[in-house]
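Hi there,

Here is the structure I promised to pass on. Have a look at it first, and then read my notes below with the model open beside you.

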Amino acid sequence: MNTRLGVLLPTNHSQWNDARRLVDFGVRAERLGYDSIWVNDTLLGARVEPLAMLAALSPVTERVTLGTAALLPAFRRPIMAAQELASIDHLSAGRLVVTVGAGFPGRSEVEYALSEVPWERRFGRLDDTVALWRALWAGERAFHGKALHVDELPESTPSYRPGGPPIWLGGGSESALGRTGRLYDGWLPYPPDPADYRAGLQTVRRTAREAGRSAGAITPALFLTVLVTDDAERGGRELDAYCLATYGLPYERVRKIQVMVAGSAEQVGATLTRYAEAGAEHVVCRIAAPDLDTQLDQLEMIAGIVRP
């Protein structure tokens with residue numbers, strides 16, 4: 001299997017009792033052959049802040065991509081966020097990938113309220129924020145978008161790489177597919193059916209060509225929740241517990257929205273193969289385990305499936 005393999009760090013406070021072990025987790029993933037390490041973003045629930053986590057990982061890793069899956073820019077002032085991301089890009093010597101999202105109705109609306117940012121027009125502000133970041137990294141001194149307008153941009157930290165770190169979009173709606181093709185460097189969805197992934201990727205690539213971009217300029221990735229177990233019944237119970245703890249929703253409901261798999265190494269491998277055949281070139285695995293020690297065991301098992 002030629003698919004690049006990534007893992008989401010378990011930064012939620014319920015999963016660790018010493019945050020420094022998360023750094024060790026990242027180092028272990030790199031040694032096991034993982035290609036990337038990712039962190040997610042939310043204001044609800046105690047966790048290690050994602051950009052702080054990536055900054056901590058930058059000097060102790062050498063090869064792996066460091067990414068967000070996904071960062072919600074609405075929670076941060078755009079100019080400060082651009083400086084923070086450029087700093088991590090330098091600290092990691094150009095290994096940063098930034099997946100962004102605009103959030104979902106319900107839970108994310110609470111986070112927007114806490115951030116004192118209006119929920120309406122969130123997609124336009126997201127696209128403008130990304131464009132503003134790129135303008136700052138390129139040294140431009142003004143920005144005029146549809147939602148954001150800054151007449152005088154300050155001198156800001158340039159990115160390590162010309163053009164800035166790659167910016168991916170998370171989401172599978174028709175709007176997200178079109179915006180990915182036109183504006184972003186990668187696509188990180190989690191459709192529960194490989195056929196939906198294939199169809200979505202075709203739309204992304206078609207839209208890219210219509211916008212005068214190369215379809216190959218967009219990295220097709222997949223966000224997958226996984227648990228390796230030979231006890232299917234127990235795996236189902238553990239996925240249900242994980243979904244309830246993470247979303248307050250049962251597994252039977254979440255599995256209709258997201259790709260989730262609990263099964264033997266062969267079953268997990270078969271699922272990964274189906275998505276690879278549908279076009280996914282980079283898989284980010286979120287491990288559905290409740291604590292860091294169990295996550296470490298799963299980390300090795302998943303590596304053994306993809307990197308035998």
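**What I found**

Let's start in a loop: E116 sits between α4 (107-115) and α5. Keep in mind that this is a predicted model, so everything here is computed from predicted atoms.

Two odd backbones in one loop

E116 has a phi near 60°, which is a positive value, and it is not a glycine. R121 is in the loop between α4 and α5 as well, and R121 also has a positive phi, about 60°, without being a glycine. Is E116 buried or exposed? E116 is exposed, with a relative accessible area of 72%. R121 counts as exposed too, at 59% relative accessibility. For background, most residues other than glycine have a negative phi, and most peptide bonds are trans. That second half brings up another spot to look at: the peptide bond from A69 to A70 is cis, its omega being near 0°. You'll find A70 in strand β3.

The overall picture

Now zoom out. The protein has 11 helices and 11 strands. Its radius of gyration is 19 Å, close to the 19 Å that the globule rule gives for 308 residues, so the protein is as compact as a globular protein of that length. If you drew a box along the principal axes, the C-alpha atoms would fill roughly 60 × 45 × 35 Å. Buried residues account for 52% of the 308 residues. The surface that the protein exposes comes to about 14000 Å², with carbon and sulfur atoms supplying 51% of it.

How much do far-apart stretches of the chain touch? Take the contacts between residues at least 6 apart in sequence: 72% of them join residues at least 24 apart.

Charges and salt bridges

The protein has 33 positive and 37 negative charges, and the mean positions of the two sets are 3 Å apart. Side chains of opposite charge can pair when their charged atoms come close. How many salt bridges does a search of the whole structure find? The search finds 14. Here are three that I'd click on:

- E49 and R76 form a salt bridge, with their closest N and O atoms 2.8 Å apart. This pair links distant parts of the chain, 27 residues apart: E49 is in the loop between β2 (36-39) and α2 (50-57), and R76 is in the loop between β3 (65-71) and α3 (78-91). E49 is partly exposed at 33% relative accessible area, whereas R76 counts as buried at 17%.
- D127 and R179 form a salt bridge too, the closest N and O atoms being 2.9 Å apart. Here the link runs from helix α5 (residues 122-137), which holds D127, to helix α6 (residues 174-183), which holds R179, and the two are 52 residues apart. Both D127 and R179 are buried.
- R205 and E281 meet through their side chains in a salt bridge of 4.0 Å, N to O. R205 belongs to helix α7 (residues 194-210) and E281 to the loop between α10 (265-277) and β11 (282-287), so to speak a link across 76 residues of distant chain. R205 counts as partly exposed at 27% relative accessibility, and E281 counts as partly exposed at 43%. Back at the E49 end of things, salt bridges that share partners join D41, E49 and R76 into one network.

A charge without a partner

Which side chain of opposite charge is nearest to E30? That is R63, 4.6 Å away, and E30 has no salt bridge although it is buried. E30 is found in helix α1 (residues 20-31). Setting aside neighbours within four places in sequence, E30 is in contact with V60, T61, E62, R63 and V64.

One last residue

Finally, find M53 in helix α2. M53 is buried, with a relative accessible area of 3%. Not counting residues up to four places away in sequence, M53 touches L9, T11, L22, V23, V39 and V48. If you'd like a sense of distance, go from M53 to R274: they are 221 residues apart in sequence and 32 Å apart in space, C-alpha to C-alpha.

Enjoy exploring!

Notes: Residues are numbered from 1 along each chain as its sequence is written. This is a predicted model: local features need pLDDT of at least 70, side-chain atom pairs count only at pLDDT 80 or more; totals for chains, interfaces and linings use all residues. Side-chain values use heavy atoms; hydrogens and water are left out. Helices (H or I, at least four residues) and strands (E, at least two) are DSSP runs, numbered from the N terminus. Buried means under 20% relative accessible area, exposed over 50%, partly exposed in between (1.4 Å probe, protein chains only). The radius of gyration is taken over C-alpha atoms; the globule rule is 2.2 Å times the number of residues to the power 0.38. Contact means heavy atoms within 4.5 Å. Accessible areas come from the Shrake-Rupley method with a 1.4 Å probe; for residues, only the protein chains shown count as cover. Lys and Arg count as positive and Asp and Glu as negative; His and the chain ends are not counted. The place of a charge is taken as NZ of Lys, CZ of Arg, CG of Asp or CD of Glu.
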